[in-house]
Amino acid sequence: MKRTTCLLFAAIAFSAICHAQNPFVTDIYTADPSAHVWADGRLYVYPSHDVAPPRGCDLMDKYHVYSTDDMVHWKDHGVILQASDVPWGRKEGGFMWAPDCACKNGVYYFYFPHPSGTDWNKTWKIGVATSTKPASDFTVKGYIQGLEPMIDPCVFVDNDGQAYLYYGGGGICKGGKLKNDMMTIDGAMQPMVGLEDFHEATWVHKRKGLYYLSYSDNHDSAGKHNRMRYATSTSPLGPWTYRGIFMDPTDSYTNHGSIVEYKGQWYSFYHTSALSHFDWLRSICVDKLYYNADGTIRKVIPTKTGPGPVK
Ligand code: FUB
């Protein structure tokens with residue numbers, strides 16, 4: 001085999017597997033990680049993709065999916081969706097911001113914020129693509145009708161199968177029930193009451209019957225960076241009781257992540273700018289998250305080494 005062919009194969013093999021470290025994806029820039037554990041027993045991460053050289057978040061495109069079964073070895077499943085696949089999307093492309101994925105009755109629903117017009121900030125839609133596989137073959141089905149122009153969708157499916165959509169940015173956070181088709185709001189989106197200093201990046205998870213809504217705050221004056229806060233409720237749509245800050249600022253202006261349990265351990269996914277040292281070229285990270293006996297979340301300590309292998 002020629003040396004150049006060998007090098008090519010080596011490069012492909014390297015790009016397909018990422019290792020235990022933070023950031024855990026190092027060959028491209030990734031942000032806004034939404035993590036889920038699906039029926040095949042693997043943990044999947046659906047991040048957005050920052051594109052270099054950056055122009056704010058304008059050029060973000062081409063969502064990849066990553067999965068692991070040990071929190072050490074990560075598989076890159078490749079690009080699952082790009083702006084040019086979106087029939088109703090803005091003609092200039094880009095602006096494929098923080099996504100989420102949900103699974104119901106064997107179908108995976110990929111939710112992505114994308115504008116439908118040149119005036120991007122006024123034309124955000126929450127697009128939906130579906131597949132019977134968690135990390136390939138997604139087809140855009142349309143967008144959720146009747147919503148305000150908002151970003152950062154998060155879909156939480158409760159134990160009884162009822163799904164809830166949350167979204168928000170710029171100080172507004174709303175939630176509502178999804179109908180069985182996972183693409184129609186049942187009733188109206190309602191404000192999430194009780195959050196303190198909400199900015200964006202809504203994520204909802206449930207532990208021991210208590211609902212947790214986490215989000216990033218507006219800690220951004222004089223060179224400061226966003227922190228992660230959370231609130232709890234006994235109902236998925238609130239009202240919420242504010243609980244505090246669970247992650248201090250990182251080296252990146254924004255933060256956005258998810259909280260998930262895998263093989264008996266809770267994890268916090270988030271992003272930093274550790275690879276680029278530039279706010280808009282971010283990289284996804286993960287560390288262990290711990291609860292106190294009263295259900296409050298201890299501060300997550302970002303590490304360079306990551307959580308290590310699952311026990
Ligand atoms: O990644 C683009 C935007 O930056 C996300 O939608 C926000 O949550 C922030 O992370």
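In what order do the four strands of the open sheet with strands 10, 11, 12 and 13 stand? The legends below begin with this sheet.

The structure is a predicted model, in which local features need pLDDT of at least 70 and side-chain atom pairs count only at pLDDT 80 or more, whereas totals for chains, interfaces and linings use all residues. Residues are numbered from 1 along each chain as its sequence is written, and side-chain values use heavy atoms, with hydrogens and water left out.

**View 1. The open sheet that contains strands 10 to 13.** The four strands have the order 10-11-12-13, with antiparallel pairing. Strand 10 (154-157) and strand 13 (185-191) each have a single partner strand, so one side of each is left without a neighbour in the sheet. On average, neighbouring strands here are turned by 20° against each other, direction ignored. Such angles lie between lines fitted to C-alpha atoms and run from 0 to 180 degrees between N-to-C directions. Strand 12 (residues 172-178) is joined to strand 13 by four bridges, and Lys 174 has Pro 191 as its bridge partner in strand 13. Strands are DSSP runs (E, at least two residues) numbered from the N terminus, and two of them pair if DSSP finds at least two bridges between them.

**View 2. The open sheet that contains strands 6 to 9.** The order of this antiparallel sheet is 6-7-8-9. Strand 6 (100-104) and strand 9 (139-143) stand at the edges, each with a single partner strand. Neighbouring strands are turned by 30° against each other on average, direction ignored. Four bridges link strand 8 (residues 124-131) to strand 9, and Thr 130 stands opposite Thr 139 in strand 9.

**View 3. The hairpin of strands 18 and 19.** Strand 18 (residues 258-262) has four buried residues out of five, where buried means under 20% relative accessible area (1.4 Å probe, protein chains only). Five bridges pair strand 18 with strand 19 (residues 265-272) in the antiparallel sense; Tyr 262 has Gln 265 as its bridge partner. Two residues lie between the strands, and Lys 263 in the turn has a positive phi of about 50°.

**View 4. The surroundings of the ligand.** Among the residues around the ligand (a heavy atom within 4 Å) are Asp 32, Trp 97, Glu 200, His 256 and Arg 282. An oxygen atom of the ligand lies 2.7 Å from a side-chain N or O atom of His 256, and an oxygen atom of the ligand is 2.7 Å from a side-chain N or O atom of Arg 282. The protein buries 98% of the 280 Å² that the ligand exposes when taken alone.

Key. A polar contact is a pair of N or O atoms within 3.5 Å; within protein, one must be able to donate a hydrogen and the other to accept it, and residues adjacent in sequence count only if both atoms are side-chain atoms. Accessible areas come from the Shrake-Rupley method with a 1.4 Å probe; for residues, only the protein chains shown count as cover. Buried means under 20% relative accessible area, exposed over 50%, partly exposed in between (1.4 Å probe, protein chains only).
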